[in-house]
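Notebook open, structure loaded. I want to see what holds this fold together and what shows on its surface.

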Amino acid sequence: VYGSDGPHAVIASTLYQKLPEGRKKVLAFADGRQEAAFFAWYLEDSYRDILSRNQMLRIARSFTPYPAEGISLQTITDKALHSFRSAFKERDSDDETEIRKNIWRALYNEFLTDEQRISLEGVGLVQWTIKWPHWLTLPERLKSPPWSLAEEEIWDLLFILLDFMRLDKAVDLHTGSGVSLVWSDLAIYGWPTRIVVNERGELHSGEKRWIGKTGRRVRFLTKLLVKEGLPEKEAREEAVAALLSIWDTFVQCEQKATSSRDRLLLSVQDGRILNPDWWRLRLVPDEHALYQCERCGHLQTISVRGVCPRNRCSGSMIKVHSRDVALNHYRLLYEEDLPGPLRVEEHTAQLDHEKAREFQREFKDNRIHVLSCSTTFELGVDLGDLDTVFLRNVPPEAFNYAQRVGRAGRRNTPGFAITYCRRGPHDL
């Protein structure tokens, strides 16, 4: 049973994508003005993310040949500025510095996204990787029992542990191009953190433990060892010891870096954060094998002994082919040629009279693509050559339905109405 706004956004964005040029407008009815107002914001915001990911994928695919080690954030930004400048010009007055900032903001929004499941990586189109510094060596502890990991498995394990830092937003917003970017510029939830190694000491604001007993890293390593046959208590103790050993290896190896700015983990107060300069974006070829959790559905390009890295998931990663996940709605949208930005406005009783008339005129003139309304357009409103009406729930009476769908098809073209029948607790 889904909430309302997610499926509604899928329907509305698909209509916008498929309607012919010059007729890309949809009147979307809601049951109340609060629902209509929220949906206007939600749809425009979610479609902006879709369009941004679509552009990022186009940028990545424009590299020919594609670098074997992937492309850095700086390289992506340079390519976007050179070949996709207009896509990131949000206002006519934007100069090159502002456009570059727009690109960095879009890139970090994807790199640090809260929407892992529907990100470019989450649908199996790209993967984030690390270009490992030449001075970094593998922790010897992971080569011996009870781990007994092969070299490739250790690199994958180290990546997963550091990737948890990315999920925790322990990342430096480094642009390296004279652009100033702060966390409040990003459209993501939460604030930056820094990772500290202390096991029992007091945590200060913005700190998270590398070896927190209930944290992602300890839980993941414990699951690995339990799968290998260790009792859970013993596995947890070994997980903590291994994490301390891994941290010590990082700290010792980082002393060989040319400068502190070149380190894989940057020092901030008493903690460490990721240096994004070492991260790379790689395309996932169609023939590439992926791994998907049979329990939670989490998708990724690497797997260490089939253990799902999601914090509280006990599922196993199963090898799948990329073609098996190709029907994902978001994956399809990211790969297709999309129309430009989608403009959505509300039309409810809470708008003042002049603003409501302005939105009505702009909708008739095709300058607003989706008008999210309550019952304000149910009676006595002529919207010109409107073809498509979207009812976000079944109206209370047949009369209401007839009035709402009757807004379309009034100019010698067939009207099209689609109704999403939301299921409530009394309908189960």
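Before looking for patches, I fix the term: a nonpolar patch joins Val, Leu, Ile, Met, Phe, Trp or Tyr side chains within 5 Å, from residues with over 30% relative accessible area and no salt bridge. I also keep in mind that this is a predicted model.

**Surface patch.** I found Phe 38, Trp 41 and Tyr 189 forming a nonpolar patch on the surface, and together they have about 400 Å² of accessible area. Phe 38 sits in helix α2, residues 33–61. Its relative accessible area is 40%, so Phe 38 is partly exposed.

**Overall.** I looked up the totals next. The protein has 10 helices and 15 strands, and its C-alpha trace spans about 75 × 55 × 45 Å along the principal axes. Of the 428 residues, 50% count as buried. The accessible surface is about 20,900 Å², with 49% of that belonging to carbon and sulfur atoms. Among contacts with a separation of 6 or more, 68% are between residues 24 or more positions apart.

**Helix α1.** I checked the length of α1 (residues 5–18): its 14 residues should span 20 Å at 1.5 Å a residue, and the end C-alpha atoms are 20 Å apart, which agrees. Is this helix enclosed or open? It is largely enclosed by the rest of the structure, because 10 of its 14 residues are buried. Among the buried ones are Ile 11, Ala 12, Leu 15 and Tyr 16. I then asked what covers the buried residues of α1. The cover includes β1 (26–29), α2, α8 (329–335), β14 (388–391) and β15 (416–419).

**Arg 404.** I went to helix α10 (residues 398–405), where Arg 404 is found. At 3% relative accessibility, Arg 404 counts as buried. Outside its neighbours within four places in sequence, Arg 404 contacts residues including Phe 29, Asp 31, Glu 378, Val 389 and Pro 395.

**Salt bridges.** I get 36 in the structure. One of them joins the side chains of Asp 385 and Lys 25, at 3.0 Å from N to O. Asp 385 is in the loop between β13 (370–373) and β14, and Lys 25 is in the loop between α1 and β1, so this pair ties together parts 360 residues apart in sequence. The partners differ in cover: Asp 385 is partly exposed at 27% relative accessibility, while Lys 25 is buried at 2%.

I looked at Arg 194 and Glu 207 too, whose side chains meet in a salt bridge at 3.7 Å, N to O. Arg 194 is in strand β4 (residues 194–196) and Glu 207 in strand β5 (residues 207–209), 13 residues apart. Both are buried.

The Arg 91–Asp 94 bridge comes in at 3.5 Å, N to O. Arg 91 is partly exposed at 47%, whereas Asp 94 is buried at 7%. I also noted a network of salt bridges linking Arg 343, Glu 345, Glu 362, Asp 365 and Arg 367.

**Cysteines.** How many disulfides are there? I count zero. Cys 293 is in none, with the nearest cysteine sulfur, that of Cys 313, 3.5 Å away; the cut-off for a disulfide is 2.5 Å, so the pair does not qualify. Cys 293 counts as buried, at 4% relative accessibility. Cys 421 is in no disulfide either, and the nearest cysteine sulfur, in Cys 373, is 18 Å away. Cys 421 is exposed, with a relative accessible area of 55%.

Methods
Residues are numbered from 1 along each chain as its sequence is written. This is a predicted model: local features need pLDDT of at least 70, side-chain atom pairs count only at pLDDT 80 or more; totals for chains, interfaces and linings use all residues. Side-chain values use heavy atoms; hydrogens and water are left out. Buried means under 20% relative accessible area, exposed over 50%, partly exposed in between (1.4 Å probe, protein chains only). Patches are made of residues with over 30% relative accessible area and no salt bridge: like charges are joined within 9 Å, nonpolar side chains (Val, Leu, Ile, Met, Phe, Trp, Tyr) within 5 Å. Accessible areas come from the Shrake-Rupley method with a 1.4 Å probe; for residues, only the protein chains shown count as cover. A salt bridge is a side-chain nitrogen of Lys or Arg within 4 Å of a carboxyl oxygen of Asp or Glu. Helices (H or I, at least four residues) and strands (E, at least two) are DSSP runs, numbered from the N terminus. The expected span of a helix is 1.5 Å times one less than its number of residues. Contact means heavy atoms within 4.5 Å.
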